[in-house]
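Got the viewer open? Let's walk through this one together, one selection at a time.

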Amino acid sequence: MSETDLEREGDIAADFLEELLDIADLDGDIDIDVDGDRAAVEIIGGNLSHLVGRDGEVLDALQELTRLAVYRETGVRSRLMLDVDGHRAARKAELVKIAAEAIERVQAEGESVALDAMSPFERKVIHDAVADAGLRSESDGAGAGRHVVVLPAE
């Protein structure tokens, strides 16, 4: 997708989210960006913790609804990433630390390390960190129990 296409996705998502915030009578500003190969939209300001929910469950649902709104307008499946008040950014920083600890254990012990179950977003962060360290990782399990296993280098 071109940067122009991704910017259009961000604009469509922003319009959808602004309407949603108005309907719910919530205050928040919307920031649109392009992060690599996907549109990135963040809702900031106000008291928006209920838009994140427990363990980001509401945020994940809101992201899927936003992706559907983009799909409805473009006919193309969106990989848009939605964040609310930096929740995903903070979680990403936590996950990088978790990955670093697992990498350290694998390198020290030479044994695989299985992590707790994670969302697709969380698993991708771990996989990227592990690859950057020169090790291998794979997802294992199904549904809500899907998790990452960090493997020693071959």
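Start by selecting R88, which is found in helix α3; helices here are DSSP runs of H or I with at least four residues, strands are runs of E with at least two, and both are numbered from the N terminus. Before you zoom in, note that this is a predicted model: local features need pLDDT of at least 70, side-chain atom pairs count only at pLDDT 80 or more, and totals for chains, interfaces and linings use all residues. Residues are numbered from 1 along each chain as its sequence is written, and side-chain values use heavy atoms, with hydrogens and water left out.

Is R88 buried or exposed? R88 has a relative accessible area of 7%, so it counts as buried (buried is under 20%, exposed over 50%, partly exposed in between, using a 1.4 Å probe and protein chains only). Now show what R88 touches: leaving out residues up to four places away in sequence, you should find L59, D60, Q63, M81, L82, D83 and F121. Contact means heavy atoms within 4.5 Å.

Hop across to Q63, one of those partners. Q63 sits in helix α2 and is buried, because its relative accessibility is 7%. Skip its neighbours within four places in sequence, and Q63 is in contact with L80, M81, L82 and R88.

**The α3 and α4 pair**

Next, select residues 87-109 (α3) and 120-132 (α4): their axes come within 9 Å and cross at roughly 45°. The axes are lines fitted to C-alpha atoms, for helices over the stretch in contact, with angles from 0 to 180 degrees between N-to-C directions. α3 and α4 are therefore oblique to each other; angles under 35 degrees count as roughly parallel, over 145 as roughly antiparallel, 65 to 115 as roughly perpendicular, and the rest as oblique. The α3 and α4 crossing is right-handed, meaning that the near helix is turned clockwise from the far one by less than a right angle (anticlockwise would be left-handed).

To see the contact itself, pick R88, R91, K92, L95, V96, I98, A99 and I103 on α3, then F121, E122, V125, I126, A129 and V130 on α4.

Stay on α4 and colour its buried residues: F121, E122, R123, V125, I126, A129 and V130. Among the elements covering them are β3, α3, β4 (113-117), β5 (136-140) and β6 (147-151). Just past the end of α4, click G134, where phi is positive at about 85°.

**Over to α1 and α2**

Now select α1 (residues 3-23) and α2 (residues 57-74), whose axes come within 9 Å and cross at roughly 120°. This pair is therefore oblique too, and α1 passes α2 in a right-handed crossing.

Which residues of α1 and α2 meet? On α1, show R8, E9, I12, A13, F16, L17 and L20; on α2, show L62, L65, T66, A69, V70, E73 and T74.

For the last stretch, keep α1 alone and colour L6, E9, G10, I12, A13, A14, L17 and L21, which are buried. Those buried residues pack against β1 (29-35), β2 (38-44), α2 and β3 (81-84). Finish at D25, which follows α1 and has a positive phi near 55°.
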